[in-house]
Amino acid sequence: MDPTPAPGRSGRPDGTLLDLVREQVADLLGYDDRADVATDASFLDLGMDSLTAVELRDRLTAACGIAISSTVVFDHPTPALLADHVHQLLENPAEGSDVRR
């Protein structure tokens with residue numbers, strides 16, 4: 001499944017959700033470039049903790065305009081899995097209706 005968001009929903013019509021996730025992780029964790037964030041690396045192995053996980057969720061929520069669970073990084077523990085999950089939420093926003101904050 002291609003994790004490209006619907007135009008206008010993420011504010012990134014020409015990018016992919018995977019790029020967005022990797023950019024945000026790189027910024028939060030102090031990596032020089034999103035290319036330094038492997039798509040299949042676990043967030044914990046990349047250096048994410050509970051505080052940065054919530055910050056990532058907040059950034060993705062703001063960028064995509066959808067409700068995302070505060071446990072999303074632990075429920076979808078790699079950039080690729082998280083991008084796929086966000087794509088699914090964009091396709092069916094009702095899936096995010098049981099958001100825990």
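Reader: At roughly what angle do the axes of helix 3 and helix 5 cross?
Author: In this predicted model, local features need pLDDT of at least 70, side-chain atom pairs count only at pLDDT 80 or more, and totals for chains, interfaces and linings use all residues. Residues are numbered from 1 along each chain as its sequence is written, and side-chain values use heavy atoms, with hydrogens and water left out. The axes (lines fitted to C-alpha atoms, for helices over the stretch in contact, with angles from 0 to 180 degrees between N-to-C directions) of helix 3 and helix 5 come within 12 Å. They cross at roughly 40°, which makes helix 3, with respect to helix 5, oblique (neither under 35 degrees, roughly parallel, nor over 145, roughly antiparallel, nor 65 to 115, roughly perpendicular), the angle asked for being roughly 40°.

Reader: Which residues of helix 5 does helix 3 meet?
Author: On the helix 3 side, the residues in contact (heavy atoms within 4.5 Å) are L56, L60 and C64. By class, this contact has six nonpolar (Ala, Val, Leu, Ile, Met, Phe, Trp, Tyr, Cys or Pro), no polar and no charged (Asp, Glu, Lys or Arg) residues, the others, Gly among them, counting as polar. Their partners in helix 5 are L82, V86 and L90.

Reader: How far apart are the axes of helix 1 and helix 5?
Author: Helix 1 covers residues 17-29 and helix 5 covers residues 79-91, and the two pack at an angle of about 125°. That makes helix 1 oblique to helix 5. The distance between their axes is 8 Å.

Reader: Which residues of helix 1 meet helix 5?
Author: The helix 5 side of this contact comprises P79, A80, L82, A83, V86, H87 and L90. Across the contact there are nine nonpolar, one polar and one charged residues. Helix 1 brings L17, L18, V21 and R22.

Reader: Which element gives the most residues to the largest nonpolar core?
Author: A nonpolar core is a set of buried Ala, Val, Leu, Ile, Met, Phe, Trp, Tyr and Cys residues joined through side-chain atoms within 4.5 Å, buried meaning under 20% relative accessible area with a 1.4 Å probe, protein chains only, against over 50% for exposed and in between for partly exposed. The largest such core has 25 residues, and V25, F43, L56, L60, L82 and V86 have the most contacts inside it. With seven residues, the element that gives the most to this core is helix 1.

Reader: How many helices does the protein have?
Author: The elements run α-α-α-α-α from the N terminus on. Helices (H or I, at least four residues) and strands (E, at least two) are DSSP runs, and the protein has zero strands, while its helices number five.
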